[in-house]
Amino acid sequence: MNERVRMIPMSNEAIERFRDILELTVEQTYPEPPSEPHHSISRIMIERVLTSCAIAKPGRVLDVGCGQGPALDLLRSEGYHAVGITINDEDIRVCRD
């Protein structure tokens, strides 16, 4: 697949504000191992999203803020190509393991 990326010009001030937001976000994250009711809520919400968006299998799904990956596991078990993004080092380690 040949995809093109379009760069949007940003001022130095906008870039600095974005960096500040990212740093604050990283500072406020913490690892949270999956548990109940997290699994139940994730399953319900995944069903709703997949139904309303009509994503065909093996469609791609991006989980932004995937934590330790419980929704990724659910999506993959349903036949989707799921990818997650998280910024907490512990969550990244658990997902990779």
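Helices, of at least four residues, and strands, of at least two, are taken here as DSSP runs and are numbered from the N terminus. In this predicted model, the elements of the chain follow the order α-α-β-α-β-α from the N terminus on, with four helices and two strands in the chain. The radius of gyration of the chain is 16 Å, which is well over the 13 Å that the globule rule gives for 97 residues, so the chain is more spread out than a compact globule. Taken along the principal axes, the box filled by the C-alpha atoms of the chain is roughly 45 × 35 × 25 Å. Of the 97 residues, 22% count as buried, and among the contacts in the chain with a separation of 6 or more, 47% are accounted for by residues 24 or more positions apart.

The largest nonpolar core consists of ten residues, namely Ile 46, Leu 50, Val 61, Cys 66, Ala 71, Leu 72, Leu 74, Leu 75, Tyr 80 and Ala 82. At least two residues of this core are supplied by each of helix H2 (38–53) and helix H3 (70–77), and H3 gives the most to the core, with four residues. One of the core residues, Ala 71, touches Ile 46 and Asp 63 when residues up to four places away in sequence are not counted.

Two pockets are described next. The largest pocket has a volume of about 290 Å³, and of the 18 residues that line this pocket, Gly 65, Cys 66, Gly 67, Thr 86 and Asp 91 are the closest to its centre. Cys 66 is thus listed both in the largest nonpolar core and among the residues closest to the centre of the largest pocket. H2, strand E1 (60–64) and H3 each supply at least two residues of the lining of the largest pocket, and by class this lining has seven nonpolar, eight polar and three charged residues.

The second largest pocket holds about 190 Å³ of space, and its lining is made up of His 38, Ile 41, Ser 42, Met 45, Ile 46, Val 49, Leu 50, Val 61, Leu 62, Asp 63, Ala 71 and Leu 75. Two or more residues of the lining of the second largest pocket are given by each of H2, E1 and H3, and the largest share, seven residues, comes from H2. By class, the lining of the second largest pocket divides into nine nonpolar residues, two polar residues and one charged residue. Ile 46, Leu 50, Val 61, Ala 71 and Leu 75 are found both in the largest nonpolar core and in the lining of the second largest pocket.

The backbone was also examined for departures from the usual geometry. Most residues other than glycine have a negative phi, and most peptide bonds are trans. The peptide bond from Glu 36 to Pro 37 is cis, with omega near 5°, and Pro 37 is found in the loop between helix H1 (12–28) and H2. A further cis peptide bond joins Lys 57 and Pro 58, with omega about 0°, and Pro 58 lies in the loop between H2 and E1. The loop between H2 and E1 also contains Ala 54, a residue other than glycine whose phi has a positive value, near 50°. The relative accessibility of Ala 54 is 63%, and Ala 54 therefore counts as exposed, the cut-off for this class being over 50%.

Technical notes:
Residues are numbered from 1 along each chain as its sequence is written. This is a predicted model: local features need pLDDT of at least 70, side-chain atom pairs count only at pLDDT 80 or more; totals for chains, interfaces and linings use all residues. Side-chain values use heavy atoms; hydrogens and water are left out. A nonpolar core is a set of buried Ala, Val, Leu, Ile, Met, Phe, Trp, Tyr and Cys residues joined through side-chain atoms within 4.5 Å. Buried means under 20% relative accessible area, exposed over 50%, partly exposed in between (1.4 Å probe, protein chains only). Contact means heavy atoms within 4.5 Å. On a 1 Å grid over the protein atoms alone, a cavity is a set of points where a 1.4 Å probe fits but cannot get out, and a pocket is an open set with protein on both sides within 12 Å along at least five of seven lines; lining residues have an atom within 4 Å of a point. Grid points are joined across faces, edges and corners, and a volume is the space filled by probe spheres set on the points. Ala, Val, Leu, Ile, Met, Phe, Trp, Tyr, Cys and Pro count as nonpolar, Asp, Glu, Lys and Arg as charged, and the others, Gly among them, as polar. The radius of gyration is taken over C-alpha atoms; the globule rule is 2.2 Å times the number of residues to the power 0.38.
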